[in-house]
Structure formats: C-alpha cells, structure tokens
Amino acid sequence: GEMSMTIAQEAAQQAEITRMLDRYGETLTILYSYYLREQQPSFKTAMKRLVLRSKTCGVGWVKQGWRKAETRDTGKESLLDDRAQLEAIGQITEDLVKGDLQADSAAAERLRLINAAVSQKEQVMIREGLTLSYPDPTMMIPSREMSSFAEMVTAPALTEKALITKERVKQVYGVDVGDKARPYKPIGAAVEEEDKVCVYTRYDKRDGLVYVVCDGYDDFLRPPAPPEPWSERFYPYFCYAPNELDDPETPAPPSDVELIEPMQRQVNAEGDALREHRDAARPGHVANSALGEEGLKRLGGRRAHDVIQLPIDKDDDIRKHLQPIPVNPIDPNLYDTTPAFRDTLRVVGAQQAELGPTSSASATEASIAATSRQNVDDSATDELDEMLTEMARHGGQILCANLDVAVVKEIVGPGAVWLPHEREDLAKEVHLEVEAGSSGRKNAAAAIQARTQMFPL
C-alpha cells in the first residue's frame, strides 16, 4: 500500500543521490587528472626529479596552488600562456609613464617588439587553473618548533625564500624596492649578472596569514592576508622525506648521499692505497758502479726492444751488475671493496642478491631476497602514495572552491555533475584518493602469480 510506495520513492531518491555523487566524484577525478596533464614540465617528469632531489637533499617539496587571471607568480610558470608578455608590456609602459625610462632606451625598443608580437596573434591566452611548482629544498625554512617533517601540517609556520631581480619584484608585487633591499649574488653567477634580492613568503598558521617581505626593505611587499586559494590544511606545500627519522633534536632527515658517505670514503681510501701500492711495486733495478753513469742513463731511458751497449766484457753476466729491487706483491684481498659496497646496498635499501646470482643460491634463497626487496620498494611507494593522496585531497578542495559549472562542463563534457560548495562542505572530506598501486607500474610477475593461483579455483 501507501507504505510500500513511500519506501520505493525513498529508495529511488537514494539511488538518484548515489548516482549523482558517483558522477560528481568521477567529474572531480577527471578535472584533477586534466590539470595534472596540463603541467609544464610534465607531472611525471617533475615527480621523478622530486624523488631524485629527496635522495640527494633528504627532502623534496611540492607547492600546489591556483592561478587566477590576475595572479602573478615569482616561480616557473606551470601553465603555458601569454601572461609573461603582458606583464612585461605593463611594467615597461608604467616605467615610461613615470619617466624612469627614456623613449629611446633598450627597454622602450623591447616594448615595441613585444607589442608587435602580441598584435599579430588572433587572441591572447590567459589561463586559470591548478599549478604545481617544486621549491628548492635549500630555500625552504620550517619552523624551529617542528619536530618532524611528517608533522609538517601541524607546524606553526613555514617560509619559502626566493632570489629574484628587482624588476621581477616590481612586476609581481608592484613595489619598487630601490636601493633599500639587500643585494644577493647567487653562487656561481656571472660577474656581469644583475644582483638579486631575497623575498621571504611566510605562511603563519597561528595568525592565519601569509606575510611577504624583502630582506632590507622596511615594508610588506603584499598586505598580509589569508592564503589563496583557501584549503583546509592551510599550507600549500607537500614534502616527501624517504629517510624520515624520529629525532626531535634534528628533524631534517638524512639524504642517501649522507648515508653512504662513510662507505664511499672507505672505497676511495682503498682505491688510493691500491694506487700507492702499485706505484711502490713498480719494477726497478739496482746496479753497481761498473756500468758507469752512461750505462745507467741508457738503461733508465730505454724503450721497448732497444739494444743497449754497456761497458762490460762480452763473457760477463749482466745479472752480476744488475738486480731487480725486491718489492711487496699486491694482495687483492687487502683492497677488496665488496664489504663497503654491500653496506652501501643495505643502507639505500637494495639487496645484493638482486644484482646477480650468488654462487650457491637456491630458488628459495632467491625468492626470499626478491620478497625482501619488494617489501622495501612497497614501503617507499606507500610513502609516495600518501603524499599524492594529500595532494589530491588538497587539489580537490581547490577545484571545488574555484571552478564554476561552465568551465567544468567545457573540460569534462556535458554529462559533468558539479555541486555548489561552502567552505564547511569542502572540509567535510569531499576529496580524492590515490588508488593503491595506481601511482606506478603494476607488478606484472605478482599479478600473473595471483591469477595462476586463482583461476583453477
């Protein structure tokens, strides 16, 4: 009766809501994947360099943000458009109007050339969207109160340094720091290269504000304001620290370079000692005075297959006048680097058995070694997946807060579902997750083994 109809209607409504949420989640996934594909350099290439940087510096950083039409960024542009040309036109024009530049200067000629290039385009492209940058680990300054990089989100503050030119400061922040800012000369810079200034961007979680200052300049480059775009985690930075330690006194994790340095020094020392031993064990001879100075010169400077005349009788034995110097023979066991390389492989997480078969390794031993290596690889993959999950969650909140329906349907298609959001809704776990194993190539051997065991069942 009536109750049955009510239950059927509720079930139909629930099914419709579930279908809509599924399509909404798929829309969000397609959007995030789209913006990752649009990054320059490519996301995969940049993440590989991030892992390499974490191996050499101990930690790697990713900054995820949102670029609006009017946004200006000091870092490398990750979305390709004509923004740089328009910024240059605006800055040079402003300097000409103020009288800082002469009409016949090189900058004025540059303005004319850029204007000519822009006027030839049918349309000037300014793109909005998700941006990814990869800060230099040596330019990131965590708070002293941070005890672990794994707890970076709970740190009271995080600061990023940037060395940029005064002209770029004027373009990005609209502030002429003049001669007040302290000049910086980057290491390895050419003599004629322009001095740069140091800009600090400090994310202060306790104040809920972002401060932008320049070393030596006595005012803010940008009025303190909450971070844009907004996100639940406050910090737009994500860190990957593969060698994380529980050491509050020194939270910075060691790099692979630091970990293998003792073994590398041992290998170098053994190589130097072997080289010295080779020099000391070179063949040499001693001679008596009967050969004379001329004879010694001929023997010392001889070449291969030379016939040498010596001042001795034809019946005299040369071995009576010339004898080899006794030297210590080289024992290879004294200079064996195998133990040092074995320690190196253990420190960086590889197994020696994986570099080639051992002399008496059974199938069981090889299987145990392979499983051990796989466990190490899986652990590193899990850490990377956790960072990618955090990035996806943060990126999903940014997309929800900044995209409107028209742009979503243009990217995803007319079947896209996009729901209006308030900040409270975004903080309630409407986010993306990285599917386990989706961040890298599948283990084909393990998959085949599992199927081989499952199919007969």
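Strand E4 (residues 157–164) and strand E5 (residues 197–204) run antiparallel and pair over 8 bridges. Within that pairing, Thr 159 of E4 has Arg 202 in E5 as its bridge partner. This is a predicted model.

**The five-stranded sheet**

E4 and E5 belong to an open sheet of 5 strands, ordered E3-E4-E5-E6-E7 with antiparallel pairing. Strand E3 (140–142) and strand E7 (220–225) stand at the edges. Each has a single partner strand, so one side of each is left without a neighbour in the sheet. From one strand to the next, the twist averages 15°.

**The three-stranded sheet and its helices**

A second open sheet is built from 3 strands in the order E2-E1-E8, and its pairing is antiparallel. The edge strands here are E2 (129–133) and E8 (237–240), each pairing on one side only. Neighbouring strands are turned by 25° against each other on average, direction ignored.

Strand E1 (residues 60–67) pairs with E8 in the antiparallel sense over 4 bridges. One residue pair to look for is Trp 61, whose bridge partner in E8 is Cys 239. Helix H2 (residues 43–57) packs on this sheet and touches E1, E2 and E8. The direction of H2 makes about 145° with that of E1. Helix H1 (residues 2–37) lies across E1 and E2, running at about 50° to E2.

**Helix H8**

In helix H8 (residues 338–347), Ala 340, Thr 344 and Leu 345 are buried. They cover an arc of only 135° around the axis, which puts them on the same side of H8. An α-helix has 3.6 residues a turn, so residues three or four places apart point the same way. The buried residues of H8 pack against helix H6 (256–280). Just after H8 comes Gly 349, with a positive phi of about 95°.

**Salt bridges**

Side chains of opposite charge can pair when their charged atoms come close. The structure holds 14 salt bridges. Three of them are listed here, including the closest N and O distance for each.

| Acidic residue | Basic residue | N to O distance |
|---|---|---|
| Glu 145 | Arg 206 | 3.4 Å |
| Asp 215 | Arg 182 | 3.5 Å |
| Asp 317 | Arg 319 | 3.5 Å |

Take Glu 145 and Arg 206 to begin with. Glu 145 lies in the loop between E3 and E4, and Arg 206 in the loop between E5 and strand E6 (209–214), so the pair ties together parts that are 61 residues apart in sequence. Both Glu 145 and Arg 206 are exposed.

Asp 215 sits in the loop between E6 and E7, while Arg 182 sits in the loop between helix H5 (166–173) and E5. This pair therefore ties together parts 33 residues apart in sequence. Asp 215 is partly exposed, with a relative accessible area of 21%. Arg 182 is partly exposed too, at 49%.

In the pair of Asp 317 and Arg 319, the aspartate counts as partly exposed at 28% relative accessibility. Arg 319 is exposed, with a relative accessible area of 63%.

**Cysteines**

The structure holds 0 disulfides. Cys 214 is in no disulfide: the nearest cysteine sulfur, that of Cys 198, is 7.4 Å away. A disulfide needs the two sulfur atoms within 2.5 Å. Cys 214 is buried, with a relative accessible area of 3%. Cys 57, by contrast, is partly exposed, with a relative accessible area of 38%.

Note on methods
Residues numbered from 1 in each chain as written. Predicted model: local features only at pLDDT ≥ 70, side-chain atom pairs only at ≥ 80, totals over all residues. Heavy atoms only, no water. Pairing = 2+ DSSP bridges. Helix = DSSP H or I, 4+ residues; strand = E, 2+ residues; numbered from the N terminus. Axes fitted to C-alpha atoms, helices over the stretch in contact; angles between N-to-C directions. Contact = heavy atoms within 4.5 Å. Buried < 20%, exposed > 50% of the residue type's maximum accessible area, 1.4 Å probe, protein only. Arc of directions from axis to C-beta. Salt bridge = Lys/Arg side-chain N within 4 Å of Asp/Glu carboxyl O.
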